[in-house]
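Hi,

Here is the structure I promised to pass on. Have a look at it first, and my notes follow below.

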Amino acid sequence: MSQMPRQAALPTCPSCAEPLDAGDRFCGACGYDLSVVPPHPEDHPTLTMNGAAHAAASDSVPPVPPAVPAPPAPPVAPVPPETAGWSTAARAPAQAAPAAPVVPAPGVRFDRPAEPEEYSLQAPDPRVAADSAPAPEPAKVCVACRAGRVDDDGYCENCGHAQPRERDHMEAEPGPLAAVSDRGLRHHRNEDAFGLGTAVLPDGSPALVAIVCDGVSSATRPDDASLAASRAASESLLAALPQGTHPQAAMHEAIVAASHAVNALAGEPATAREHAPHQNAPACTLVGAVVTAGLLVVGWVGDSRAYWVPADRGAPAARLTEDDSWAAQMVAAGLMNEAEAYADERAHAITGWLGADAYELEPHTASFKPDRPGVVVVCTDGLWNYAEAAEEMAEVVPLDAAVRPLHCARVLVGHALDGGGHDNVTVAVVPFPAPPQGAGSA
């Protein structure tokens, strides 16, 4: 096929590719400003994106034959402000007509300042990080099925099992003494509480403190009453003993402090009484023990008890407290023997307690000087109902109770649960060391 002879190539507009006349400053078709035409493709532009601009220009535009004369150079135009960030070579005016204008790659503009391909993230403000909410705690797992999550109401979402409350089972072993409290098998909550601690007497010898309280179920908020009383009594003892107060006097003052703490709970809003108008003020019983070198002091109000169990089981065990109860009064008055009195349905009706509606506060205290080592068992009636006599209690106490008090407390609680667990069960085990020479007997 024959071909028409090729005409000399004319300059074209870099924007619309229309032919240009020599000396044009603006494109007659699109108005493009010819003063900002990019330089010869042999000059590498300062701004490139992965080399695409230079490659596209050199590949798409054919070179101009050298026979074509160069058009006169256009006048130098002022540099537009948006090119302030370019290099000097990029914005210098051309001295001769460009042999082949560079067509910009599609989507790339050379009249914008350079921008980074990636933007660095601002470092976190440590003040904001400190104020941010802590990470949520891991979900609680059901104690029954070990698979389901526990909802806010305390029930497993998988098997529906009610989860134990924090006070349903409590254990503590601060040093050589220990205590265990359990809800039992029949009650819907644990209304018992205990307080343990150790103190240093002015002569440098140690003192062990144990307080056990039993909330009165027929009163309002019995769990709050027992908790307030146990805390107040133990704190009072631990503060008084290092100051040189005699343990028996310190026990008396601790019971008074516990009574004040329970009485304070009666000052509840009147609206609270509207929901339970026939209930009494918060109330509880209390029993405590203080063990020092050669001296054992107990104190109580109500029917919670303390027992002495010697390490030598050949020696007799003893009950150290007398109940404030209807049965105890019948026995003391000689109207019934102990078996008859405790068989009566009124046996556990208490005649003394801590609370705003108590008849009169009568703290009981007693001191003993055992002549041999052993343990003191401080407990609520949830335990002694299943081991009432001192001999029965001694049979349940393990032989190594003095060196393993927590194990002993667990065994005693287990004995009550095995017997039926009709009540809350709380027991503290306090070792009594070998007394110095010349100590009296219990």
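A word on terms before the notes: two strands pair if DSSP finds at least two bridges between them. Helices (H or I, at least four residues) and strands (E, at least two) are DSSP runs, numbered from the N terminus. Please keep in mind that this is a predicted model, in which local features need pLDDT of at least 70 and side-chain atom pairs count only at pLDDT 80 or more, while totals for chains, interfaces and linings use all residues. Residues are numbered from 1 along each chain as its sequence is written, and side-chain values use heavy atoms, with hydrogens and water left out.

Let me start with the open sheet. Six strands form it, in the order E1-E2-E12-E11-E7-E8, with antiparallel pairing. At its edges are E1 (169–172) and E8 (318–319), each of which pairs on one side only. Inside the sheet, E7 (residues 305–310) and E11 (residues 374–379) run antiparallel and are joined by six bridges; Trp 308 has Val 376 of E11 as its bridge partner. Helix H11 (residues 405–418) packs on this sheet and touches E1, E2 (178–182), E11 and E12 (425–432), where contact means heavy atoms within 4.5 Å. The direction of H11 makes about 25 degrees with that of E2; axes are lines fitted to C-alpha atoms, for helices over the stretch in contact, and angles run from 0 to 180 degrees between N-to-C directions.

Next comes strand E5 (residues 283–292), where ten of ten residues are buried, meaning under 20% relative accessible area (exposed is over 50%, partly exposed in between; 1.4 Å probe, protein chains only). In a regular strand the side chains alternate between the two faces of the sheet. In E5, Ala 283, Thr 285, Val 287, Ala 289 and Val 291 point one way, and Cys 284, Leu 286, Gly 288, Val 290 and Thr 292 the other.

What does E5 pair with? E4 (residues 206–215) is an antiparallel partner over eight bridges, with Gly 215 bridged to Cys 284. E6 (residues 295–301) is also antiparallel to E5, over seven bridges, and Val 291 is matched with Leu 296 there. Two residues lie between the strands in the E5 and E6 hairpin, where Gly 294 takes a positive phi near 90 degrees. E9 (residues 354–355) runs antiparallel to E5 with two bridges, and Gly 355 is the bridge partner of Ala 283.

One last residue: Ala 339 sits in helix H8 (residues 338–343) and counts as exposed because its relative accessibility is 60%.

Best wishes
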